[in-house]
Every structure is written in structure tokens, then in C-alpha cells.
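Hi everyone, thanks for coming. I'll walk you through one protein today, so please have a look at the screen before I start.

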Amino acid sequence: GDTVNSLSTAWLPPFITFITILAHTGLYKTARTLEDPWVHPPNDLPSVAMQRAFNARLLAHWDALRPAAKDDDEVPHADESESR
């Protein structure tokens, strides 16, 4: 009788161990991603390049909206004012 009962529940410890390790691994990977989301390749964005492109578009729109300067007036362009 005892051998039959112990064999019928022999699957329980490995199953509980598997579920525990699976939950721990899932939590670890989630915490790792939340801790530093921009280091790992799937989340890596070229944010510096995106910001530079946005700034260039913004300056181009700003230059297009300014009224045209007369020949004797010197109005610095947006690129010139950045270097000062």
C-alpha cells in the first residue's frame, strides 16, 4: 500500500520545483528589463540620432518661418547661433 501511494505522488516534487524555477526565471528576466530597459537590444533605440534629426527639422522649420532679411541686415542663422 505505501509503495503505491508514494509512486502516485512521485511527480509532485519535480513539478513544484519546475514551477518554482519557472516563476523565478520569469521574475528575474522581467526585473532585469525593468531595471535598465535601454541596454538590451530589443529595446535599444538610437535616441541621440533621433534627437539630432528632430533638432535639425525644428531649426529648418524655424528658419522657414522667419521673415526674409534685407541685404543690408545681418540676421544670424540658427546654425550660427548654436556655435556661440
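Okay, let's begin with confidence. Helix 2 is where the predictor is most confident, with a mean pLDDT of 94, while helix 4 comes out lowest, at a mean of 56. And yes, that tells you this is a predicted model. Over the whole protein the mean pLDDT is 80, and 67% of the residues reach 70 or more. A word of caution here: where pLDDT is low, don't read the predicted coordinates in detail.

Now the overall layout. How many helices and strands does the protein have? There are 4 helices and 0 strands, so to speak in shorthand, the pattern along the sequence is α-α-α-α.

Next, the surface. What share of the 84 residues counts as buried? Just 2%. The protein exposes about 7,900 Å², and 64% of that comes from carbon and sulfur atoms.

There's a patch I'd like you to find on the screen. Trp-11, Leu-12, Phe-15, Ile-16, Phe-18, Ile-19 and Leu-22 together make a nonpolar surface patch of about 720 Å². Let's take one of them, Trp-11. Where is Trp-11 found? It sits in the loop between helix 1, residues 2-8, and helix 2, residues 12-35. Is Trp-11 buried or exposed? Its relative accessible area is 53%, and the cut-off for exposed is over 50%, so Trp-11 counts as exposed.

Let's move along the chain to a charged pair. The structure holds 1 salt bridge, and the partners are Asp-63 and Arg-66. How far apart are their closest N and O atoms? The answer is 2.9 Å. The side chains of these two residues are also joined by a polar contact, again listed at 2.9 Å.

Where does Arg-66 lie? Look in the loop between helix 3, residues 47-65, and helix 4, residues 78-82. As for accessibility, Asp-63 is partly exposed, with a relative accessible area of 29%. Arg-66 is partly exposed too, at 24%.

To wrap up, keep two spots in mind: the nonpolar patch that includes Trp-11, and the salt bridge between Asp-63 and Arg-66. Thanks for listening!

Key. Residues are numbered from 1 along each chain as its sequence is written. Side-chain values use heavy atoms; hydrogens and water are left out. A salt bridge is a side-chain nitrogen of Lys or Arg within 4 Å of a carboxyl oxygen of Asp or Glu. Buried means under 20% relative accessible area, exposed over 50%, partly exposed in between (1.4 Å probe, protein chains only). Patches are made of residues with over 30% relative accessible area and no salt bridge: like charges are joined within 9 Å, nonpolar side chains (Val, Leu, Ile, Met, Phe, Trp, Tyr) within 5 Å. Accessible areas come from the Shrake-Rupley method with a 1.4 Å probe; for residues, only the protein chains shown count as cover. Helices (H or I, at least four residues) and strands (E, at least two) are DSSP runs, numbered from the N terminus. A polar contact is a pair of N or O atoms within 3.5 Å; within protein, one must be able to donate a hydrogen and the other to accept it, and residues adjacent in sequence count only if both atoms are side-chain atoms. pLDDT is the predictor's confidence in each residue, from 0 to 100.
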